[in-house]
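Reader: I should like to go through the contact between two chains, term by term. May we begin with the structure itself?

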Amino acid sequence: MTGAFSDIRVIEIGGLETLYAGKLLADQGAEVILVEPPSGHVSRRLPPYAPDGFDDLVSVPFAYFNGNKRSVCVPLGEAAGADMLARLIAGADVVLAGGRPADLLALGISAQRVADAAPQAVLATVTPFGWTGPWADLHADDLVVQALGGLMSLGGYADGRPLRPPAGQAFIGAGILAAVGIAAALVNEPRKAQHIDVSAQETVVLALENAAQFYDLEGRVRARHGGTELQVGRGVYPCSDGYVYLMLGLHAGDRFWVKFLTWLDEKDAEGRDALAGDEWRHRDYAESAEAKAIFKRVFEGFCATRTKAELYESACRRGIPLAPVNNMADVPHDAQIVARQFFIDVSSDAWPHGPAAAPGAPYRMTGTPWAGSYSPEHLGASTEYVLDGAR
Amino acid sequence: MTNFAAQPLSNIKVVDFSWVGAGSYTTRILADLGADVVKIESSKRLDQIRVTPPFKDGVPGVNRSGYFADRNAGKRSIAVNLKTSEGLELALSLIEEANIVANNFAPGTMDRLGLGYEDVRVRRPDVIYLEMSMQGREGPNARHVGYGLTIGALAGLQHLVGEDGRPPIGTGTNYPDHIPSPGHAAFAILSALRHWRRTGEGQYIEISQTEATACVLGDAFMAESVGVHQDPQANDEATAIVHDTFRTAATEEWIAISVYTQDEWRALTRVLGISTAVDANWVTNTAPGSEHAVREWIETGTTRWRAAELMEGLQRAGVRAGVVQTARDVVDSDPQLRHRGHWLRLPHPEVGTFLYNALPLRCAQWPVAPRFGAPCLGEHTTQVLSAAGLEPSEIDKLKAAGVLE
């Protein structure tokens, strides 16, 4: 079985903006060719670095995002480079370009140029703010896009400064939506030239959940609340070996509250009588400072002598929505993750800085299964193959 | 006049059993690409987001939630009691004419209803069937109850945001529901659609939302596995000289600034009017634990400006800077989002209008937009069933028998 895009060649060029889109397409069978200048694609220098020696494959993000792509070295900025790029584009089914529009135009990439060179190609641009508009050429990175997208106003401690989501999410998210747009453009034949114009800022705005609607419908501007609970039983609580996340979801009724009280009863939790009254089932009380303080005291006391794993197992057996706050070392050992064989082993044959373990498939499909790999190429390893090849 | 006929999925039909978060956003994406999405609902088994705030004017009601609206634009709603044999048969006959069936119920739910993949395949052999659960269809924890926030905790997302010595706080949102889960699911469905166009074959797609979320953190997992321990990093970035959020002249107005080169550092200090005699190396070589001193020093400059003016001044000097915008900013005053047409106001029969996000992609050759706003519960029952060939008297009989609620 081959992937849905096994007949598709993607020319990928630019900065960090395109990487996850290219990976998604490669892992569904596309031949994805990463165009790199002689100094190497900027992602080759992205930390963290594997600790065992320095070469052009040492970057862990490079291995993760580009492990299933070919590398072609093109002296961009020189005449020979412009020629090579033109040849690559002419043979492309998809041109996936990322960065500021001004920088891409300087490379000779525009909807018109691509359509002229490859009349049936899909051009997908992943830019910080979109291909046109008053902010199109602003100087930005992931942090600035997250800020202007509004998500950072929701992130951080209530008494602290705005904190960003995990690194790179603005462009990773935009990459997922870019792959969606490219896939949509490739569903139907015959193909004609199309420009899919993706904005990372707009992607971030999608992640605001209901904040925009809260402002529009109730005039309320949601703010960050990290480190506090919005209501009892909703937040992070310390336990003996880390933290757990509890989500009793009292806004949707009290069906978990009853199970929760039963749990505390069965475990003889100290101080649980303070939670027995009827007032706890009323939203106003559940959101009061007094209620939160009482709940915190009782529940943190209960968790203090129990591990993440213990609390997780005990709560879930009773149908209570609690989860361990897993770190990166915990997740691969989670019983469910292990049973699903979600992580895959990356041998040192595949990646010289291995062995390593990486996430496998984000989806499981019976007809066109995920076919990812983590065997990144040295700079320009496929230059001859691609440029001297049949196309 | 928007040319909806040019949308790539304009000939595609979806029978949509999804609800709450990730599932609903997946089929919203398909609707924005042109698909005809029929959402199967029931007042007996209400989509919980219908009764989740914010509500129009703060008044609760199953048709008044803006949260529900945003994730359900472009879908038609029919009310069907799937526990009745007539209701089940109605669903299956709609599926016969559809290309895609989607759900994000707990594992086993659809099978118990008689709507599992094998059941559906009998009626529509080339169906593309999506099943999206919290942690996957099988396995020791497959039946655990969860939400976007618990998935964030399980998948490592929560852990990665925070400050040393304080509890980890994640993004402050149900991030998995909004980007990783629906995004990967929509990509998988579109891949399946392409395969179907080329071969005539459907397929079964199964997604664990926890796994889909872990995939966007893949480099962190890989780094951990080669011994580079991943702890919450506040706003730090190893390759940057400055990379953080700073106070400005107004309370609760913040600015994000990133500086990577000596030139950018000089530009920053010049614009801020703080000492340009200080070398960037002093900043990068700050002893651990003294980062706040650097931040405070930079803030002696940033607090002399309002955020918008400072952003403009820094951008003109070639420095990456952006206001930390609030929901009010992005809705009311962001000029780029206005240029992109990000905010859609679509009519709604009960509420007047709702505010919707547009997808972050545009295409000159075809519109990316929902054709209409979110539905009231069961709003299109008669319309859909008539189009499926039922006579008005048959529909009335089903209503009387309690099948259509």
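Reader: Which residue is the bridge partner of A:Asp197 in S12(B)?

Author: The bridge partner of A:Asp197 in that strand is B:Arg362. This is a predicted model, in which local features need pLDDT of at least 70 and side-chain atom pairs count only at pLDDT 80 or more, whereas totals for chains, interfaces and linings use all residues. Residues are numbered from 1 along each chain as its sequence is written, chains are lettered from A and ligands numbered from 1 in the order written, and side-chain values use heavy atoms, without hydrogens and water.

Reader: What makes strand S6 of chain A and strand S12 of chain B a pair?

Author: Strands are DSSP runs (E, at least two residues), numbered from the N terminus. Two of them pair if DSSP finds at least two bridges between them. S6 (residues 194-199) of chain A and S12 (residues 361-363) of chain B have three bridges, in the antiparallel sense, and therefore they count as paired.

Reader: Why is the link between B:Glu211 and A:Arg364 called a salt bridge?

Author: The term requires a side-chain nitrogen of Lys or Arg within 4 Å of a carboxyl oxygen of Asp or Glu. The closest N and O atoms of B:Glu211 and A:Arg364 are 3.3 Å apart, so the rule is met. Between chain A and chain B the count is 16 salt bridges.

Reader: How many residues does each chain bring to the contact?

Author: Contact means heavy atoms within 4.5 Å. By this rule, chain A brings 147 residues and chain B brings 139 residues.

How values were computed:
Helices (H or I, at least four residues) and strands (E, at least two) are DSSP runs, numbered from the N terminus.
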